[in-house]
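User: I am new to this structure and would like a close look at a single part of it. Please take one helix and follow its contacts outward.

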Amino acid sequence: MEIIKSNASRSNKEFKMKNRQLIEIIGILSVVGSLIFVGIEISQNTTAVRGATQQAVSAQVTEMYTITAENETIAYVLGQASLGISKSELSITDYVRFRAFVTIGLRRIENIYLQYKNGLLSENSFDRIGWEFYRTALVREVWEDRKGHFEAEFVEFFEELRDN
C-alpha cells in the first residue's frame, strides 16, 4: 500500500512540476509577446512623430512662400537681395520687414537642427534649405544682427553649413 502511495505522491509531484513549468513557459511567452507589442507601438509612434515633424517643416516653408507671394515689399527686397543689395540701400521699414522674414527662415533652420539633434530628422533635411538665399550679402547682414538671439551651438552649426 505504501508503494502505491509513494508512486501516487511522486506522480502528483511530477504533475505539479510539469504544470509549474508549463505556467512559467506561458508567462515567459506572455512577457515576450508584450515586449514585441510595445516595440511595435514605439516604432509606429516614432514614425508618426517623424512624419509630423516633416509636415511642420514643410508648413514653415509654405508660410515663407505665402509671405513672399502676398507681400510686395518682401518679394521686391528678396529679388534685390539676390542681386547683391545691402542693408544701407533699404528704408528702415523695408529692412525691418525683411529682417522679420529672414528670422522666420532662420527659426525654421533652427527647428530642423533641433529635430535633427533629437533624431527625428535626417542630415539630408539640410539639403533642402535653399542655402543660396542665406549666402546673399543682405541676409548675411540680417544674420549678424540676429545671431545673438540663437544658441551658440546653433550659430556655429548654421555658419558651418552656410559657408560650405
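Analyst:
**A close look at helix H3**

The 26 residues of H3 should span 38 Å at 1.5 Å a residue, and the C-alpha atoms at its ends are 36 Å apart, which agrees. The model is a predicted one. Helix H3 covers residues 92-117, and H3 is followed by Gly 119, which has a positive phi near 80°.

Start with two aromatic residues of this helix. A search of the whole structure finds 17 aromatic pairs. One of them joins Phe 98 and Phe 101; this pair is tilted, with 6.2 Å from centre to centre and 35° between the planes. The angle counts as tilted because planes under 30 degrees apart would be stacked and planes over 60 would be edge-to-face. Phe 98 and Phe 101 are three residues apart in helix H3, so about one helical turn separates them. Both Phe 98 and Phe 101 are buried.

Further along the helix comes Arg 107, which has two contacts to look at. The first is with a ring: Arg 107 lies over the face of Phe 150, at 3.9 Å from the ring centre. The second is with a charged partner: the side chains of Arg 107 and Glu 110 meet in a salt bridge, at 2.7 Å from N to O. Glu 110 and Arg 107 both belong to helix H3 and sit three residues apart, about one turn of the helix.

Are these two partners buried or exposed? Glu 110 has a relative accessible area of 14%, so it is buried, since buried means under 20%. Arg 107 has 32% relative accessibility and therefore counts as partly exposed.

The structure holds seven salt bridges, and another of them involves Lys 117 of H3. The side chains of Lys 117 and Glu 153 meet in a salt bridge of 3.1 Å, N to O. Lys 117 lies in helix H3 and Glu 153 in helix H6 (residues 152-163), so this pair ties together parts that are 36 residues apart in sequence. Lys 117 is partly exposed, with a relative accessible area of 47%. Glu 153 also counts as partly exposed, at 49% relative accessibility.

From H6 the path can be followed one step further. Asp 163 forms a salt bridge with Arg 140, and the closest N and O atoms are 3.2 Å apart. Asp 163 lies in helix H6 and Arg 140 in helix H5 (residues 137-146), so the pair ties together parts that are 23 residues apart in sequence. Asp 163 is partly exposed, with a relative accessible area of 43%, and Arg 140 is partly exposed as well, with 31%. Arg 140, Arg 162 and Asp 163 are linked in a network of salt bridges.

To retrace the path: H3 holds the tilted pair of Phe 98 and Phe 101 and the salt bridge between Glu 110 and Arg 107. Lys 117 of H3 is then joined to Glu 153 of H6, and Asp 163 of H6 is joined to Arg 140 of H5.

Key: Residues are numbered from 1 along each chain as its sequence is written. This is a predicted model: local features need pLDDT of at least 70, side-chain atom pairs count only at pLDDT 80 or more; totals for chains, interfaces and linings use all residues. Side-chain values use heavy atoms; hydrogens and water are left out. Rings of Phe, Tyr and Trp (its six-membered ring) pair if their centres lie within 6.5 Å; planes under 30 degrees apart count as stacked, over 60 as edge-to-face and the rest as tilted. Helices (H or I, at least four residues) and strands (E, at least two) are DSSP runs, numbered from the N terminus. Buried means under 20% relative accessible area, exposed over 50%, partly exposed in between (1.4 Å probe, protein chains only). A charge sits over a ring if NZ of Lys or CZ of Arg is within 6 Å of the ring centre and within 35 degrees of the ring normal. A salt bridge is a side-chain nitrogen of Lys or Arg within 4 Å of a carboxyl oxygen of Asp or Glu. The expected span of a helix is 1.5 Å times one less than its number of residues.
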